[in-house]
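Student: Hey, I've got this structure open and I'm a bit lost. Can we go through it together?
Tutor: Sure, put it up and ask away.

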2 protein chains.
Amino acid sequence: MKQYTVAILGATGAVGTQMVQCLEEQNFPVGKLKLLASARSAGKKVAFAGGEVEIEEARPEAFEGCDIVLGAVDDDIARDMLPKAVEAGAVVVDNSHAFRLDPDVPLVVPEINAEDISWHHGIIANPNCATIIGLVPTWPLHKVAGVTRMIVSTYQAASGAGAPGMAELEAQIAAMGRGEAIPEPRAFAAQLVSNLIPQIGGFKEEGYTSEEMKLQNEGRKIMHLPELRVNCTCVRVPVLRSHSESVTLEFERDITLEEAREALAAAPGVKLVDDREAASAHDRYPMPIDTSDQDLIWVGRLRRDISNPNTARGITFWCCGDQIRKGAATNAVQIAKLLTE
Amino acid sequence: MKQYTVAILGATGAVGTQMVQCLEEQNFPVGKLKLLASARSAGKKVAFAGGEVEIEEARPEAFEGCDIVLGAVDDDIARDMLPKAVEAGAVVVDNSHAFRLDPDVPLVVPEINAEDISWHHGIIANPNCATIIGLVPTWPLHKVAGVTRMIVSTYQAASGAGAPGMAELEAQIAAMGRGEAIPEPRAFAAQLVSNLIPQIGGFKEEGYTSEEMKLQNEGRKIMHLPELRVNCTCVRVPVLRSHSESVTLEFERDITLEEAREALAAAPGVKLVDDREAASAHDRYPMPIDTSDQDLIWVGRLRRDISNPNTARGITFWCCGDQIRKGAATNAVQIAKLLTE
């Protein structure tokens, strides 16, 4: 079996660190692993596959000999560095926003459009985390009845702002728990503990934020539905890890609750947790505390949208998924694995 | 000016305590204040209007001589005790769910249907907190264009479960902040700190919870819109106080964003906080940290619903309001004040 030289650009961040772990967990055929980060981290050692890998400074020369480069850096660095990896002969799977809407770049959720990797020109983009988490359970329902409209309110964890976001929420919880003043926010625009921040990303067209428009623009590309209508409201919540979403869908054709339940129960990447009678809340519906640090999107609270004038064509559900894993690292490693198959 | 003998049934809970403060703040013409609670609290003293009021045990005889009784107890106690207050000659404003959908009982948000108090038969009901907070900003938009459909996802604070709910979240934050085990949940079905619980109330028809159906059933009664279509998802979030809601509305007639903004800016009980350009997040949109312990519903993130096939008839916004105040005590005291006018 062929072994691959794999590099992770941004190996010390929340997503990069998780990618190292996902490569191991998914039994990725890694011949050599290169961990690239800022000069500041160079020389540090990271455990991998029973050994250790030393972090190198991320310079274009480091891409020489790489088969696959996983990008886990900000848009600017991705735009600057990753084309050099392609020039060096690697195929790039990039988690940043930089290339996602480029018509020459496939944007892939393996459970939905794995076939799109076939037309890549060196770069394959990994979608936004809230987009992946909302689309994985929407797709099997779309296949039953054709989704035309999505109305989504998100409940996004601190992990979406990376390790600094998680550290900031933890520090705020610690301060509040000790009755001390809350430290000045840096990763977020306001205090997050015991608060909600209804803005993720900058404001774009029509008063929607960049994060909110991703669900529409990336969703249309991933599902090959250029006319899909999406209304998204993105809210940061004081949860360390795992995003949640309240999703209302409208369909072209009738869909029964039984059909929806069967489609979700059979869907790859989905775990249906929907038992109103369960004694424990943990068995009744997904909660972020239960969906952290695992790879599936959990779906529950499945019901008719009783506000839809045509109730036979409306479905509402609640879903939770780990933003660092399936929302980022897991999905990227799944794409890379498709490249090896 | 006539002075009224006012009793608060359930005077020691989160809502009852707030009612005492609201009577003072709203300059309610209180001749005598009676604070009724369980035998356990009898004899304790509460500050009011520069003096002190001693808590009495809540027994039917205590209603003798009362003009107005404010109910801040659970449904069962309300159902048992409040008809006795009516028999004793008082008018009751009740915050429980017990009488809200009774066709003989007006259900009132003063900014919306103050005129309904005219046909009471001794009891006037105060609506559910999430219902009040969602409807106060919906009503002025309804008056412009006729609302036909509401899709709402809530972000409800611990205060909705009363003082025990707030104490439980505070204890969990303290434990997490000290790195200790989270105490076993009692007020909520699961740990709330760093988590979300997508269930408030028991499961009712079609898989919606009792809390979710209130927005439909109470909303129809308050706004006199028996055909209003409502899809609500209620989620408990780790916020101490102030509920938030992501609201999408559909209308019978076209409504411009400018009309919506003007209607909200002019609406009683509403504060429009919607300035994308503001340097501070606190001036950009409502957040629960800013809307706690005050009486207005703050509205922001006002924008077209770009998912509506007829975008001229769709509006989306975000709102926050204090659940103990406008969601309960403030609204009840406002109703009582209408009775005196």
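Student: How far apart are the C-alpha centres of domain 1 of chain A and domain 2 of chain A?
Tutor: Those centres lie 25 Å apart. Keep in mind that this is a predicted model.

Student: Ok, and which residues belong to which domain in chain A?
Tutor: Domain 1 covers 4-127 + 328-340, and domain 2 covers 131-322. The contact between them takes 19 residues from domain 1 of chain A and 18 residues from domain 2 of chain A.

Student: How do people usually put a size on something like that?
Tutor: The size of an interface is often given as the accessible area that is lost when the parts come together. Here, domain 1 and domain 2 of chain A bury about 1,600 Å² between them. Carbon and sulfur atoms account for 62% of that area.

Student: How many salt bridges are there across the interface of domain 1 of chain A and domain 2 of chain A?
Tutor: The rule finds one salt bridge across it. Looking at pairs, Arg100(A) forms a salt bridge with Glu218(A), with the closest N and O atoms 3.0 Å apart.

Student: And polar contacts across that interface, how many residue pairs?
Tutor: Seven residue pairs are in polar contact there. On the side of domain 1 of chain A that touches domain 2 of chain A, helix 1 (14-25), helix 3 (110-113) and helix 10 (325-340) of chain A each supply at least two residues. By class, that side of domain 1 has eight nonpolar, five polar and six charged residues.

Student: New topic. I clicked on Gln216(A). Is this residue buried or exposed?
Tutor: Gln216(A) is buried, because its relative accessible area is 9% and buried means under 20%. You'll find Gln216(A) in helix 6 (residues 210-223) of chain A.

Student: What is Gln216(A) in contact with, leaving aside its neighbours within four places in sequence?
Tutor: Leu228(A), Val230(A) and Ile306(B). The side chain of Gln216(A) also makes a polar contact with the side chain of Asn217(A), at 2.9 Å.

Student: Back to salt bridges. How many does a search of the whole structure find?
Tutor: It finds 40 over all chains. One to look at is Arg301(B) with Glu212(A), where the closest N and O atoms are 2.6 Å apart. Arg301(B) is in strand 12 (residues 297-304) of chain B and Glu212(A) is in helix 6 of chain A, so this pair joins two chains.

Student: Are those two buried or exposed?
Tutor: Arg301(B) is buried, with a relative accessible area of 2%. Glu212(A) is buried too, at 2%.

Student: Why would side chains like that pair up at all?
Tutor: Side chains of opposite charge can pair when their charged atoms come close.

Student: What about Lys2(B), which side chain does it meet in a salt bridge?
Tutor: Asp67(B), at 4.0 Å from N to O. Lys2(B) sits in the segment before strand 1 (4-9) of chain B, and Asp67(B) in the loop between strand 4 (51-57) and strand 5 (68-71) of chain B, so the pair ties together parts that are 65 residues apart in sequence. Lys2(B) is partly exposed at 47% relative accessible area, and Asp67(B) also counts as partly exposed, at 24%.

Student: One last thing: which residues are linked in a network of salt bridges?
Tutor: Glu25(A), Arg241(A), Asp293(A), Asp295(A), Asp322(A) and Arg325(A) are linked that way.

Notes. Residues are numbered from 1 along each chain as its sequence is written. Chains are lettered from A and ligands numbered from 1 in the order in which they are written. This is a predicted model: local features need pLDDT of at least 70, side-chain atom pairs count only at pLDDT 80 or more; totals for chains, interfaces and linings use all residues. Side-chain values use heavy atoms; hydrogens and water are left out. Domain bounds come from an automatic or database domain assignment. Contact means heavy atoms within 4.5 Å. Buried area is the accessible area (1.4 Å probe) that two parts lose on being put together, summed over both. A polar contact is a pair of N or O atoms within 3.5 Å; within protein, one must be able to donate a hydrogen and the other to accept it, and residues adjacent in sequence count only if both atoms are side-chain atoms. Helices (H or I, at least four residues) and strands (E, at least two) are DSSP runs, numbered from the N terminus. Ala, Val, Leu, Ile, Met, Phe, Trp, Tyr, Cys and Pro count as nonpolar, Asp, Glu, Lys and Arg as charged, and the others, Gly among them, as polar. Buried means under 20% relative accessible area, exposed over 50%, partly exposed in between (1.4 Å probe, protein chains only).
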